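Please walk through this model with me, beginning with its charged side-chain pairs and moving on to helix packing, contacts between distant parts of the chain and backbone geometry.

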Amino acid sequence: MTQNASEPKAPETAAGIAARTAAERGVEPVAESVAALASETRPSQTASAGRLVGVDLARGLAVFGMYAAHVGPDPADSGATGLVMELAHGRASALFAFLAGFSIILMTGRRAPRTGREGRQAVAKVLIRAVVLLALGTWLTSTGTPVEVILAFYGLYFVMVLPFYRLRPVTLAALAAGTALLLPQLLYGIQQSINNGTWAETVTRHDPLARVSDTGGFMELLFNGSYPALTWIPFVLAGMAVARLDLTSTVVRTRLAVTGAGLAVLGYGGSWLALHLVPGVRDALTASVSGDDWGGYGGGSGSVMSAWWSDTAGYPTGDTTAWLWVASPHSETTLSVIANTGVALTVLVACVAAVDALPHFRRLAEPVIAVGTMSLTAYVLHIAGIRILGIEEHPGSPLYVLLGFIATVTVLAVVWSRFFRRGPLEYLLGQATKPARYVK
């Protein structure tokens with residue numbers, strides 16, 4: 001029998017926690033309750049809980065990173081604060097998408113994909129969640145905040161990668177690599193076709209999502225939004241591949257850490273080399289933005305040569321193929337996808353290893369972990385806060401605004417986790433998937 005979110009937790013024994021953990025693993029997209037951190041379990045149970053708590057820690061950091069991108073100071077500001085803000089931009093949302101792949105595997109069967117009726121019910125749950133996220137994200141977008149809400153994109157990602165949930169880790173990794181290499185070039189061509197033609201407007205006029213929401217509809221979600229599915233799917237596929245691995249293994253963690261660091265160096269280092277050594281790239285990029293306020297932070301105040309890792313100078317105009325060599329956040333290039341996948345993988349491995357090996361660190365990180373267990377609620381709350389406070393420009397808010405948002409949601413998450421197993425929106429999302437039990 002499912003516990004209502006409004007009901008308080010009852011004390012649990014170690015055996016009870018183990019039974020609940022086994023029942024819930026692979027069903028919910030969030031880790032086990034933070035309360036399991038203090039339980040006296042056997043080593044195997046502790047390792048399992050640590051693995052999923054590490055995922056929640058990474059998810060909490062992703063939420064804070066998105067807060068920094070939306071209500072933090074301008075990354076174009078000099079000093080350590082500007083640097084930290086720039087590190088969050090693009091990379092936090094990539095980590096969020098990467099962890100979406102982890103969530104899909106948790107729902108559909110982690111070590112072995114669910115099959116038969118159980119598999120069909122798991123698929124139905126994913127599809128229901130996708131529809132809810134699509135609707136919620138579209139509604140939040142229509143509220144008029146300056147934030148490019150990721151939730152509708154998130155829902156579409158769920159649907160697009162669902163056919164691959166039964167694949168082996170190596171196959172998923174190969175698929176992630178292949179899409180990272182090919183889809184950014186495809187997206188560039190499609191965006192050029194959109195800019196130079198009228199077919200996109202025709203499609204949008206007949207798009208039911210665009211008509212009911214006054215947004216760009218599926219064209220925006222697929223091609224020309226801030227998180228176009230065509231180039232963000234590799235993050236999700238990579239997360240699915242990692243979710244299938246045994247993260248309790250030191251060998252696996254070490255290999256993943258090396259892979260993550262290698263991908264980051266390949267992406268950012270490859271872009272730096274291209275901008276400095278490939279003939280014509282620097283001149284083409286400079287000519288592309290010369291004299292234009294091209295949408296960067298601080299009105300395009302940074303150097304175009306920083307585009308190997310930063311978007312303080314602005315975003316690609318797309319009027320030259322030289323843009324395919326940059327790796328700045330949201331540039332939607334192969335090098336950008338590779339680099340940000342490396343960052344996401346490194347952060348996840350670091351979080352999982354830290355909470356498993358360092359008990360004192362785990363206790364210190366509990367507030368962030370609590371935010372990670374209710375990341376949907378935390379994300380929606382910050383959109384509501386932006387709307388209520390009338391914040392019309394992002395980034396650019398004073399640092400105290402960001403710290404206020406982080407402190408508020410952290411206190412709420414910690415208090416809530418002391419009494420309830422899931423965040424309020426997580427509970428409602430779980431309730432929405434109950435019709436899946438009738439799938440035969």
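A salt bridge is taken here as a side-chain nitrogen of Lys or Arg lying within 4 Å of a carboxyl oxygen of Asp or Glu. The model is a predicted one, and a search of the whole structure under that criterion finds five salt bridges.

One of the pairs joins Arg-59 to Asp-56, with the closest N and O atoms 2.8 Å apart. Both residues belong to helix H2, which covers residues 43–71, and they are placed three residues apart, about one turn of the helix. As for their surroundings, Arg-59 is buried, and Asp-56 is buried as well.

A second pair is formed by Arg-114 and Glu-118, whose side chains meet in a salt bridge with an N to O distance of 3.3 Å. Are these two partners buried or exposed? Arg-114 has a relative accessible area of 15% and counts as buried, because the limit for that class is under 20%. Glu-118, with a relative accessible area of 45%, is partly exposed, so this salt bridge pairs a buried arginine with a partly exposed glutamate.

The side chains of Asp-356 and Arg-253 also meet in a salt bridge, at 2.9 Å from N to O. Because Asp-356 lies in helix H14 (residues 334–357) and Arg-253 in helix H12 (residues 250–277), the pair ties together parts that are 103 residues apart in sequence. The accessibilities of the two residues fall in separate classes, since Asp-356 is partly exposed at 28% relative accessibility, whereas Arg-253 is buried with a relative accessible area of 12%. Which residues does Arg-253 touch, not counting those up to four places away in sequence? With that exclusion, Arg-253 touches Leu-247, Thr-248, Val-349, Val-352, Ala-353 and Asp-356, and the last of these is its salt-bridge partner.

Helix H14 takes part in a helix–helix contact too. The axes of helix H4, which covers residues 91–108, and H14 come within 9 Å of each other and cross at roughly 65°. That angle makes H4 roughly perpendicular to H14, because values from 65 to 115 degrees are assigned to that class. The crossing of the two helices is right-handed. On the H4 side the contact is made by Arg-91, Ala-94, Leu-95, Phe-98, Leu-99 and Phe-102, and on the H14 side by Asn-340, Val-343, Ala-344, Leu-345, Val-347 and Leu-348. Sorted by the character of their side chains, the residues of this contact of H4 with H14 divide into ten nonpolar, one polar and one charged.

Contacts between distant stretches of the chain can also be followed from Val-132, which lies in helix H5 (residues 116–142). At 31% relative accessibility, Val-132 counts as partly exposed. Val-132 and Leu-429 are separated by 297 residues in sequence, yet their C-alpha atoms are 7.6 Å apart in space. Leaving aside residues up to four places away in sequence, Val-132 touches Leu-429 and Ala-432.

Another pair of positions to locate involves Ala-287, a residue of helix H13 that is exposed, with a relative accessible area of 57%. The C-alpha atom of Ala-287 is separated by 9.5 Å from that of Thr-320, and the two residues are 33 residues apart along the chain.

The backbone of the loops deserves a look as well. The peptide bond that runs from His-394 to Pro-395 is cis, with omega near -10°, and Pro-395 is placed in the loop between helix H17 (375–389) and helix H18 (399–419).

Where in the structure do we find Asp-214, whose phi is near 55°, a positive value in a residue other than glycine? Asp-214 sits in the loop between helix H9 (208–213) and helix H10 (217–224), and this residue is exposed, with a relative accessible area of 74%. His-330 likewise has a positive phi, near 65°, and is a residue other than glycine. His-330 is found in the loop between helix H13 (281–289) and H14, where it is partly exposed, with a relative accessible area of 21%.

Key: Residues numbered from 1 in each chain as written. Predicted model: local features only at pLDDT ≥ 70, side-chain atom pairs only at ≥ 80, totals over all residues. Heavy atoms only, no water. Helix = DSSP H or I, 4+ residues; strand = E, 2+ residues; numbered from the N terminus. Buried < 20%, exposed > 50% of the residue type's maximum accessible area, 1.4 Å probe, protein only. Contact = heavy atoms within 4.5 Å. Axes fitted to C-alpha atoms, helices over the stretch in contact; angles between N-to-C directions. Parallel < 35°, antiparallel > 145°, perpendicular 65-115°, else oblique. Left-handed = near helix turned anticlockwise from the far one by under 90°. Nonpolar A, V, L, I, M, F, W, Y, C, P; charged D, E, K, R; others polar.
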